[in-house]
Amino acid sequence: MHLIDATLREGLQACRVAVRPEAAAALVPLLEAVGIRHIECTHAGARPDWDEILAAVLAARRQAKVMTHARAREADIRAAIASGADGVGIFLGVNRQTIEARTPGCGREDLLAMARESIMAAKQAGLTVRYSVEDATRTEPADLWRACEVAIEAGADRLCCPDTLGVLEPDQARELFAELRQRFPGVPLEAHLHNDRGLATANALAALDGGADFVSTSVNGVGERSGITDTCILIANLVHRGLGDAFDSSLLPALSQAASEALGEAVAPRHPVTGAWAFWHQCDLHRKAWERNPSSYDWIEPPRLGRISEAPA
Ligand code: HCA
Ligand code: CU
């Protein structure tokens, strides 16, 4: 099970977010110290300031693999190759909504040909390739399987099925990844889950239960609209499930704080795990019980997540 942190890709697409290259690079050692080994960073060639961020992140990383984002277009693939990134996440949707809004006039087979060519070009240049069927969760199953098959035949190393609009419920997330697991044995599978319905964490756990190998996350959940699965919340959940050995979860508050400062976006005080009040016991009845026995109202020992639990004096 792997997390790919996309704070510096999906997160940069969030409303009012801006980050300087030095601040982006400063997040890298912290992500690595937490145990993240995969970083998704910008869309190479899309904006000069993003290319500076990508170069700074590549210079700063030690253990982590860095993947950049690309459309299934020759220019994007060329930019990804030129950037020096280890990998590229190529995204191309094949459902009716995507075709009408993003690639009008294109037939599904034309799109699949674009995906095939892009994947082959990136593989030929030695990049690791993830192929994402954008809006996978609103795609007819037959079209989704076909897109995945084409990508694997073309040499993709990993398949991602993004819940681009956050429409999934956990049962559906588990079923989707269980079916993908069955249809594509041995192929690494990734989930990317938007939080529009507030279900991004639940869906990430369910996708893992179904058979996903990777979840793409961002620190504090930053991303388009309501964002995606929060790196820190997901790691805290893995720790709670007894599956957090690969991570130093005591560093989560530092990571959350650093990302908040780098991106210029405060963490809401009630945000789970890293919010200021996440371990605060206000009401008298709670406080008294908690003073006798902290486990009465602490869901986990807070120091395991770098926190202390508190109450009014
Ligand atoms: C986007 C959409 C995306 C892509 C995810 C992926 C989504 O911002 O371009 O490439 O795996 O949610 O579908 O973030
Ligand atoms: Cu997304």
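In the next few minutes I will walk you through the two ligand sites of this structure, which is a predicted model.

Let me begin with ligand 1, and with the place where it sits: the space it takes is the largest pocket. There are 13 residues around ligand 1, and of these Glu10, Gln13, His69, Ser132 and Thr164 come nearest. If we sort the shell by the character of its residues, we find three nonpolar, six polar and four charged. Turning to secondary structure, at least two residues of this shell come from strand 5, which spans 128–132, and at least two come from strand 6, which spans 158–163.

Which side chains have an N or O atom at 2.6 Å from an oxygen atom of ligand 1? His69 is one of them, and Ser132 is another, while for the side chain of His192 the corresponding distance to an oxygen atom of the ligand is 3.1 Å. On its own, ligand 1 has 360 Å² of accessible area, and the protein covers 93% of that.

Now please look at ligand 2, the copper ion, whose protein donors are Glu10 through OE, His192 through NE2 and His194 through NE2, lying 2.1 Å from the ion. Along the sequence these donor residues follow the spacing E-x181-H-x1-H. Glu10 and His194 therefore link distant parts of the chain, being 184 residues apart. Glu10 belongs to the loop between strand 1 (2–8) and helix 1 (21–34), whereas His194 belongs to the loop between strand 7 (189–193) and helix 8 (200–210).

To close, I would point you back to Glu10, which is listed among the residues that come nearest to ligand 1 and is also a donor of the copper ion.

How values were computed
Residues numbered from 1 in each chain as written. Chains lettered and ligands numbered in written order. Predicted model: local features only at pLDDT ≥ 70, side-chain atom pairs only at ≥ 80, totals over all residues. Heavy atoms only, no water. Near = heavy atom within 4 Å. Polar contact = N/O pair within 3.5 Å; in protein donor to acceptor, adjacent residues only side chain to side chain. Areas by Shrake-Rupley, 256 points an atom, 1.4 Å probe, with all protein chains shown as cover. 1 Å grid on protein atoms, 1.4 Å probe; cavity = no way out; pocket = protein on both sides within 12 Å on 5 of 7 lines; lining within 4 Å. Sits in = over half its atoms within 2 Å of the grid points. Helix = DSSP H or I, 4+ residues; strand = E, 2+ residues; numbered from the N terminus. Nonpolar A, V, L, I, M, F, W, Y, C, P; charged D, E, K, R; others polar. Donors = N, O, S within 2.8 Å, 3.2 Å for Na, K, Ca; no water.
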